[in-house]
Amino acid sequence: MQRGWFARRSRIEGLALDEMNDAWVKCNGCQQILFARDFERNLKVCPRCGHHHRLSARERIELLADPDTFVERDAEVVSADPLGFPEYADKLSKGRANSGLPEAMVSGTCTLSGIPIVLAVADFAFMGGSMGSAVGEKVARAMEYALEQRLPIVICSCSGGARMQEGLLSLMQMAKTCAVAAKLHEAGVPYISVLTDPTMAGVLASYASVGDVVVAEPGALIGFAGQRVAQQAQVVKPPPNFQTAEFQLEHGMVDIVVPRKELKHTLHRILRFFTGG
Amino acid sequence: MRTILDFEKPIAELDANIEALKRITAEQGIDKSDEIAALERDRERLLREIFRNLTPWDRTLLARHPQRPYTLDYIRAIFDDFIELHGDRQFGDDGAIVGGMAWLNEKPVVVIGQQKGRDLKERQRRNFGMAKPEGYRKALRLMHLAEKFGRPVITFVDTPAADPGVESESRGISEAIARNLREMIMLRVPIVSVVIGEGGSGGALGIAVADRVLMQEHAIYSVIPPEGCAAILWRDPKRAPEAAEALKLTAHDALRFGVVDEVLEEPLGGAHRDPLAAAQTVKEALLRHLPPLQKLSVSKLRESRYERYRNLGMWQIATE
């Protein structure tokens with residue numbers, strides 16, 4: 001019980017792999033020591049327990065896009081500090097340093113097993129993948145480009161939710177992204193939402209939940225309220241798998257849970273349904 | 001029991017003195033009218049003074065004031081012949097969101113709002129105004145009813161947050177809110193939202209995507225409660241007043257960000273000191289904002305609502 005709690009906790013706080021040295025890594029799920037090479041080759045999924053560790057946006061793009069086909073768009077859209085919020089400027093610099101990215105979302109076009117798509121991927125290392133105005137704008141622009149070009153769009157979420165440091169403006173990104181999603185919906189442009197660990201709060205309660213197909217990675221933390229809030233409010237005791245991909249599947253909120261090594265193939269099968277025939 | 005906020009205490013003391021003098025006048029027949037008039041002038045001056053210098057945290061407390069008028073108070077004061085309609089037709093009826101048919105002067109409208117409770121029992125029944133998925137789905141059902149019969153929608157926003165519990169998670173609280181955001185953008189009839197108390201994050205936004213968003217002077221609208229923000233930032237919920245400052249959650253901030261179209265002035269001392277006057281201001285604003293929206297074609301209406309939300313946010317273009 002205690003062990004499970006620790007595993008969960010470390011996952012929530014975004015602790016990456018405890019690197020023993022370059023050759024070894026410790027699994028966040030089963031705590032086993034693994035060969036880094038095996039671990040990388042297995043797409044950062046533990047070969048022993050199947051725990052899916054977080055991917056960076058670049059790694060996920062590499063996983064999904066056909067080699068050398070990804071062309072980034074809107075990389076110049078970055079956060080401002082509209083509220084002059086305490087420590088935000090520092091957090092943005094740290095986010096850039098941690099992720100090597102200008103913003104918490106990378107978007108562009110590519111082919112996926114030969115099918116041209118728009119692809120947007122969040123990166124947890126940039127302020128927990130949180131959605132401020134810039135992330136909202138990048139999601140909106142990616143969707144608009146999909147609409148304009150009538151290309152299917154795949155968005156991989158990986159986010160703690162709306163970005164507190166931009167206050168109400170972050171909250172409004174929920175409405176903004178859903179507004180463009182409404183246009184996709186009406187125009188019949190396919191939108192596939194991929195929920196990875198974690199997809200929470202303001203992101204789950206907006207664009208991430210309105211895909212035509214909602215895919216999740218095994219074990220991903222997916223939910224509305226942070227665990228602490230949810231547990232304080234409990235009258236009903238949460239089940240052991242509370243707010244996991246499997247819990248959301250069981251409750252009808254996710255279409256399909258797909259192991260990482262099958263993700264690209266499954267997305268291809270789904271995309272083919274929309275674009276083929 | 002009346003609740004008196006700390007900064008309201010000097011007013012309450014004057015009120016007590018005025019009351020006492022009035023009692024003396026009534027019981028002993030001694031004319032205290034000069035003294036009463038003087039105290040009333042003091043009271044007025046003090047109220048103005050206090051309310052000119054409210055901090056964002058003071059406003060947060062006012063927005064949550066237990067005597068503040070709630071959605072049903074506004075509905076009773078503003079509309080005629082309200083018929084409350086219940087249930088989402090899927091799971092149940094959520095007391096935290098009320099809605100139904102009503103008349104605004106001579107025009108039929110659909111009214112929806114979050115409802116807190118007045119006493120402990122009602123608070124529990126209404127879950128402190130924290131709606132569950134069935135609440136958001138009931139709201140959407142009523143919006144679709146409005147759409148079908150060409151009636152405008154008016155929503156009243158007053159919630160600390162959407163319900164965060166296990167039940168709500170199990171029934172898809174995120175999906176329910178997300179769907180409302182998408183559907184409200186596409187709705188073919190005008191929507192006017194009024195933030196009357198707490199605009200608590202996604203839970204508020206779930207019924208607040210509108211052509212016009214109005215906000216009362218002492219209401220708040222925030223991505224996170226100040227207590228939660230302080231806990232994250234400084235690991236100390238007691239620093240909520242500082243967080244309230246940082247979050248820019250007042251009506252005038254929301255106006256500056258373009259989130260809100262108009263700030264509605266409240267009676268001096270806050271809506272709870274004169275609920276009917278507060279309701280009258282809201283009613284006048286509704287009567288001003290609705291007719292021009294009703295004149296727009298459906299496509300123009302939807303396009304301008306889309307543009308309104310599409311353009312929200314402040315980001316920058318990296319120079320290098």
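1. Chain A contains 10 helices and 12 strands. The model is a predicted one, and the points below should be read with that in mind. Of the 277 residues in chain A, 57% are buried. Among contacts in chain A with a separation of 6 or more, 68% are between residues 24 or more positions apart. The accessible surface of chain A is about 11,300 Å², and carbon and sulfur atoms hold 53% of that area.

2. Chain B contains 14 helices and 9 strands. Buried residues account for 57% of its 320 residues. For contacts in chain B with a separation of 6 or more, the share from residues 24 or more positions apart is 73%. Chain B exposes about 13,900 Å², with 52% supplied by carbon and sulfur atoms.

3. On overall dimensions, the C-alpha trace of chain B spans about 65 × 55 × 40 Å along its principal axes. The radius of gyration of chain B is 21 Å, which agrees with the value near 20 Å for a compact globule of 320 residues. As to charge, chain B carries 47 positive and 49 negative side chains. The centres of these two sets lie 5 Å apart.

4. In chain A, strand β6 covers residues 105-112, and 7 of its 8 residues are buried. Strand β6(A) has pairings with β4(A) and β7(A) to consider. Strand β4 of chain A, residues 71-73, pairs with β6(A) in the antiparallel sense over 3 bridges. Within that pairing, A:E72 has A:G108 of β6(A) as its bridge partner. Strand β7 of chain A, residues 115-122, also runs antiparallel to β6(A), and 8 bridges join the two. One of the bridge pairs between β6(A) and β7(A) is A:L112 with A:I115. As a general point, side chains in a regular strand alternate between the two faces of the sheet.

5. The hairpin of β6(A) and β7(A) has 2 residues between its strands. A:S113 sits in this loop and takes a positive phi near 45 degrees. Is A:S113 buried, partly exposed or exposed? Its relative accessibility is 35%, so A:S113 counts as partly exposed; the partly exposed class runs between the buried limit of under 20% and the exposed limit of over 50%.

6. What does A:S113 touch, leaving aside its neighbours within four places in sequence? A:S113 is in contact with A:D66, A:K264 and A:H268. A:S113 and A:R272 are 159 residues apart in sequence, while their C-alpha atoms are 9.9 Å apart in space. A reader checking the hairpin loop of β6(A) and β7(A) may wish to view A:S113 together with these residues.

7. Two further backbone features belong to chain A. The peptide bond joining A:D197 and A:P198 is cis, with omega at about -10 degrees. A:P198 lies in strand β9 of chain A, residues 191-200. Elsewhere, A:E87 has a phi near 65 degrees, which is positive in a residue other than glycine. A:E87 is placed in the loop between β5 (77-79) and α4 (88-99) of chain A. With a relative accessible area of 40%, A:E87 is partly exposed.

8. In chain B, strand β5 covers residues 191-200, and 10 of its 10 residues are buried. Which strand pairs with β5(B) over 6 bridges? That partner is strand β4 of chain B, residues 153-159, and the sense is parallel. In this pairing B:I154 stands opposite B:V192 of β5(B). Strand β6 of chain B, residues 212-216, pairs with β5(B) in the parallel sense over 4 bridges. Here B:V192 stands opposite B:R212 of β6(B). B:V192 therefore has B:I154 opposite it in one pairing and B:R212 in another.

9. Strand β7 of chain B, residues 220-222, runs parallel to β5(B) and is joined to it by 3 bridges. The bridge partner of B:G199 in β7(B) is B:Y221. On backbone angles in chain B, B:S201 has a positive phi of about 55 degrees although it is not a glycine. B:S201 is found in helix α9 of chain B, residues 201-205.

Terms used: Residues are numbered from 1 along each chain as its sequence is written. Chains are lettered from A and ligands numbered from 1 in the order in which they are written. This is a predicted model: local features need pLDDT of at least 70, side-chain atom pairs count only at pLDDT 80 or more; totals for chains, interfaces and linings use all residues. Side-chain values use heavy atoms; hydrogens and water are left out. The radius of gyration is taken over C-alpha atoms; the globule rule is 2.2 Å times the number of residues to the power 0.38. Buried means under 20% relative accessible area, exposed over 50%, partly exposed in between (1.4 Å probe, protein chains only). Contact means heavy atoms within 4.5 Å. Accessible areas come from the Shrake-Rupley method with a 1.4 Å probe; for residues, only the protein chains shown count as cover. Lys and Arg count as positive and Asp and Glu as negative; His and the chain ends are not counted. The place of a charge is taken as NZ of Lys, CZ of Arg, CG of Asp or CD of Glu. Two strands pair if DSSP finds at least two bridges between them.
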